[in-house]
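Here are some exercises to work through with the model open beside you. Try each task before reading its solution.

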Amino acid sequence: MLSLCKLLLGAALTLVSMAPGVNGQNYPGPGVVTGSTFAHDPTVVKTPNGQYLMAYTAPGIALKTSTDRTRWNDAGLVWNNANAPWTQPYTGSNNANLWAPDLSYHNGKYYLYYSASTFGSRKSAIFLATSTTGAAGSWTNHGVVIETNANSAYNAIDPNLIVDAAGKWWLSFGSFGNGIKLISINPSNGLRSGTSMTDLASRGSGGAIEAPVITRKGNYYYLWVSFDYCCKAAASTYNIRVGRSTNVAGPYVDRDGKNLMSGGGTLVMATHGAIRGPGHNAVFTDTDADVLVYHYYRQSDGEAQLGINLLRYDNGWPVAY
């Protein structure tokens, strides 16, 4: 066991231990974070002034800020159901039913895609909001990007925006038992362009898959997904998987060459020690490394916590440390 693996997180030098987990693999513990450490479905962007802005599921869509990527401070709400009535046809009046934000920065403003639904329902929608500052109270609603209903074969949840090497915009999303999808986005307004849809990943009847994130590194696009079950506190079985492709629309394969449409996905992070159900990750590039951001549940009380690790690439495959 590597007991003193050094991890640089912003200005703070923290010590990360490796612990055995599922499949007999060793996984790194999360780097030290301080301040307000509760987070669910976290997404982080580095701001133009070199600080960090996080959006996460609160209830409602909430914000945190950090100057060093280690200490996090609460920064208010984007909104909840009370001040987002356009979401209520999908959520009722439950603040817990705004989910899974995706935060990025383009063209001098922040783009926030997020889900509105109820647990287990396919009556869902992905919405877009933008802000020039990212601050609570500054966000403008731009409406529905894509929606589904009870008769849909997939579910409009868990969005993620990727801008490809040619400057084209795409949104991945989905979809628990129905796989991961990709649609085209119009960069002039951030909304859907056309009606085409591409299947990216599926486990068929073999289990749950959701929370996609697509990142680009060198010649490859990496499709990150979460397998199995979120939201069961310390009993959660979420785990983070990845595949890669030279085309943003796939096909994506894992390190063993298995297609993600056939249940493939290289395991990056899973339950280990007191870290339960790590998943719903995001990845962003910082000055020192690519940064893996995710939530996990504490074994002691089941509370969702912010996890941050760095990534290195082993023959082109991401490894958390």
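**Exercise 1. Find the disulfide, give its handedness, and say whether each cysteine is buried or exposed.**

Solution. A search of the whole structure finds one disulfide (a pair of cysteine sulfur atoms within 2.5 Å). The bond links Cys-230 with Cys-231, at an S to S distance of 2.2 Å. Next, look at the torsion about the S-S bond of Cys-230 and Cys-231: the value is about 65°, so the disulfide is right-handed. For burial, the scale is buried under 20% relative accessible area, exposed over 50%, and partly exposed in between (1.4 Å probe, protein chains only). Cys-230, at 10% relative accessibility, counts as buried, while Cys-231, at 42%, counts as partly exposed.

A word on the source: this is a predicted model, where local features need pLDDT of at least 70, side-chain atom pairs count only at pLDDT 80 or more, and totals for chains, interfaces and linings use all residues. Residues are numbered from 1 along each chain as its sequence is written, and side-chain values use heavy atoms, with hydrogens and water left out.

**Exercise 2. Describe the largest nonpolar core and the strand that gives the most to it.**

Solution. A nonpolar core is a set of buried Ala, Val, Leu, Ile, Met, Phe, Trp, Tyr and Cys residues joined through side-chain atoms within 4.5 Å. The largest one has 19 residues, and those with the most contacts inside it include Leu-103, Leu-112 and Trp-139. Among the elements that give two or more residues to this core are strand E10 (98-106) and strand E11 (109-116); strands are DSSP runs of E, at least two residues long, numbered from the N terminus. E11 gives the most, with four residues.

Now follow Leu-103. Leaving aside neighbours within four places in sequence, Leu-103 is in contact (heavy atoms within 4.5 Å) with residues including Val-45, Leu-53, Leu-112 and Trp-139.

**Exercise 3. Which residues lie closest to the centre of the largest pocket, and what classes make up its lining?**

Solution. On a 1 Å grid over the protein atoms alone, a pocket is an open set of points where a 1.4 Å probe fits, with protein on both sides within 12 Å along at least five of seven lines; lining residues have an atom within 4 Å of a point. About 640 Å³ of space lies in the largest pocket. Of its 31 lining residues, Trp-99, Phe-119, Glu-210, Cys-230 and Cys-231 are the closest to the centre. By class, the lining has 14 nonpolar, 11 polar and six charged residues.

Definitions and conventions. Points joined across faces, edges and corners; volume = space filled by probe spheres on them. Nonpolar A, V, L, I, M, F, W, Y, C, P; charged D, E, K, R; others polar.
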